[in-house]
Amino acid sequence: MTFFKKNIYELKPYSSARNEFEGEAHVWLDANENALNNGVNRYPDPYQKQLKQLVGEIKQVSPDSMFLGNGSDEPIDLLIRATCEPGKDKILIFPPTYGMYEVAATINNIETVKINLTQEFDINIDKTVEVIKKDDAIKMVFVCSPNNPTGNRLDKLKIERILNTFTGIVVIDEAYIDFSSESGFLQKLTHYPNLVVLQTFSKAWGMAGIRLGMAFASPEIISVLNKIKPPYNINILTQNFAVNTLKNKKSITDEVNKLIEERNLLCKSLLSINGVEQVYPSDANFLLVKLENPKNIYHYLANNGIVVRDRSSVIHGCLRITIGTSEENQLLLETITKFYSTE
Ligand SMILES: *Cc1c(COP(=O)(O)O)cnc(C)c1O
C-alpha cells in the first residue's frame, strides 16, 4: 500500500507523555500540568478511547478503523498533506461541491483538478475514469454524497467504479448521510482498502459548536492519520460533551425524521410561490432552490434578518436554504412570498 508520501511512512511521531504510559496510576507527574484539579487541568486522552467506543457502537465500526478530528476539516487537511507532494501532486473534485477540499489543497500548494457534475448533478464517470487513468499526479479523489450544495446523493455505482479504478485514496464525504434515504459506504470499508468515509457531529447530531468530525477507513490508513495528527487534537470539553450526549442519546432518528418532514413541507410550499422556479431533490437538511432575481431576494431576506446561502455564482439562479424550525420556515416562506408579490 503506497497511498502516502515517503516522509509520512518514515515519520517517527511525537510521543506525548499521555501515550507512553498505559497502566493504572494516581499520581501524574509526567506532563508538566498544573496538579490542582479544576476539571480541565489534565491533557485529554490523545486517542479518545471512551468516545470512540461509543461512536463505534452507534456506527458499528471498530475503534481502530476510526479517526476523530477537530471537525471534518482536520481529516481533510491531514489526508491531503499525507498523500500529496506540494507543487507536484493533485486532488480531484466534482464541482459544484463543498469548498474546503480545494481550499485545503491550495493552502498546501496542491493543484485541484475539477470535473464538473452533469446537468443532473451526477458524476461524469467516463471523463473521470479517463482523467484518473491519464494523470498519475492525482493522489486523492473527493466525492461528496449527499452533495453540498446540490443536496442530492451521487450514483453509488459510479462511486464504486471510481473506488475500483483509482489506485489512490477515495474520500467519500457523508456529512449529510443521516438525512439520506440510502445508506452510505461505511459497510464497504473492508471491501475497499482505498476508501475513507467522512462523517460529522456538526449536522444531524446537532453539535457543530464542539467541532467533532469522523473519518472511517482501514486500520492502516487510520494509523497514519493518528501518527501525523496534533497529539491532543480533541480537547477535553469536546470529548466530555460528546460522551455525555452519546450516552444519553443512542439515536437521532426521531429528530432526523422531523427535519425531513419539515424539508418536504418547505419544498412543497416553496414550489407554490410565484418566483420560485425549481426546488431540487434533497437527501440533506437543506434545499437548493432556483428563483427569479436570486441576488435581490437574497438581500431582501437578509434585510429582514433571514440569512440563506447565495449560490447563484456557482449554480445559476440558486440559493441554498437550510431547514429551520417550523416557525423559521414559515417566516422564510412569508418573506419570500411578500418579495415576489410586491416586486
Ligand atoms: C458541513 C459539512 C461538513 C462538516 O464539517 P465539520 O468540519 O465537521 O463541521 C463536511 N462536509 C460537508 C460537505 C459539509 O457540508
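A polar contact is taken here as a pair of N or O atoms within 3.5 Å. In the predicted model, the side chain of Tyr176 meets this criterion with the ligand, since one of its N or O atoms is 2.6 Å from a ligand oxygen atom. Arg211 likewise places a polar side-chain atom 2.6 Å from an oxygen atom of the ligand. For Asn148, the separation between a side-chain N or O atom and an oxygen atom of the ligand is 2.9 Å. The ligand is surrounded by 13 residues, of which Asp173, Tyr176, Ser202, Lys203 and Arg211 come nearest.

Two of the residues in polar contact with the ligand also have notable backbone geometry. Asn148 is joined to Pro149 by a cis peptide bond with omega of about 15°, and Pro149 belongs to the loop between β4 (138-144) and α7 (156-165). Arg211 has a phi near 55°, a positive value in a residue other than glycine. The loop that carries Arg211 runs between β6 and β7 (213-216). With a relative accessibility of 30%, Arg211 is classed as partly exposed, because this class covers values between 20% and 50%.

Strand β6 (residues 195-200) includes Thr200. A relative accessible area of 5% makes Thr200 buried, as the limit for that class is under 20%. The side chain of Thr200 reaches the backbone nitrogen of Ser202 at 2.9 Å, and Ser202 is itself among the residues that come nearest to the ligand. Beyond its neighbours within four places in sequence, Thr200 is in contact with Ser72, Ala175, Trp205, Leu212, Gly213 and Met214. Gly213 and Met214 fall within the range given for β7 (213-216).

Further backbone features occur elsewhere in the chain. A second cis peptide bond leads from Pro95 to Pro96, with omega near -5°. Pro96 is located in the loop between β2 (90-93) and α5 (100-107). Gln60 also has a positive phi, near 60°, although the residue is not glycine. This residue is part of the loop between α3 and β1 (66-69). Gln60 counts as exposed at 68% relative accessibility, because the exposed class begins over 50%.

The largest pocket has a volume of about 590 Å³. Its lining comprises 28 residues, and those nearest the centre of the pocket are Ile58, Lys59, Asp178, Leu186 and Gln199. Helices α3 (49-59) and α10 (253-271) each contribute at least two residues to this lining. The greatest contribution comes from α10, with 3 residues. In composition, the lining of the largest pocket contains 11 nonpolar, 12 polar and 5 charged residues.

The second largest pocket encloses about 330 Å³ of space. It is lined by 13 residues, with Arg18, Phe21, Trp28, Asp45 and Lys49 closest to its centre. Its lining is made up of 6 nonpolar, 2 polar and 5 charged residues. Asp45, one of the residues closest to the centre of this pocket, is also touched by Gln239.

Gln239 occupies a place in helix α9 (residues 236-248). Its relative accessible area of 8% classifies Gln239 as buried. Besides Asp45, the residues touched by Gln239 are Pro44, Gln48, Leu51 and Ile234, when residues up to four places away in sequence are not counted. Leu51 lies in the range of α3 (49-59). The C-alpha atom of Gln239 is separated by 34 Å from that of Lys90, with their positions 149 residues apart along the chain.

The structure also holds 1 cavity of 30 Å³ or more, with a volume of about 90 Å³. This cavity is lined by 14 residues, of which Ser145, Ile177, Ser183, Gly184 and Phe185 are the closest to its centre. The lining consists of 6 nonpolar, 4 polar and 4 charged residues.

Definitions and conventions: Residues are numbered from 1 along each chain as its sequence is written. This is a predicted model: local features need pLDDT of at least 70, side-chain atom pairs count only at pLDDT 80 or more; totals for chains, interfaces and linings use all residues. Side-chain values use heavy atoms; hydrogens and water are left out. On a 1 Å grid over the protein atoms alone, a cavity is a set of points where a 1.4 Å probe fits but cannot get out, and a pocket is an open set with protein on both sides within 12 Å along at least five of seven lines; lining residues have an atom within 4 Å of a point. Grid points are joined across faces, edges and corners, and a volume is the space filled by probe spheres set on the points. Helices (H or I, at least four residues) and strands (E, at least two) are DSSP runs, numbered from the N terminus. Ala, Val, Leu, Ile, Met, Phe, Trp, Tyr, Cys and Pro count as nonpolar, Asp, Glu, Lys and Arg as charged, and the others, Gly among them, as polar. Buried means under 20% relative accessible area, exposed over 50%, partly exposed in between (1.4 Å probe, protein chains only). A polar contact is a pair of N or O atoms within 3.5 Å; within protein, one must be able to donate a hydrogen and the other to accept it, and residues adjacent in sequence count only if both atoms are side-chain atoms. Contact means heavy atoms within 4.5 Å. A residue is near a molecule or strand if one of its heavy atoms lies within 4 Å of it.
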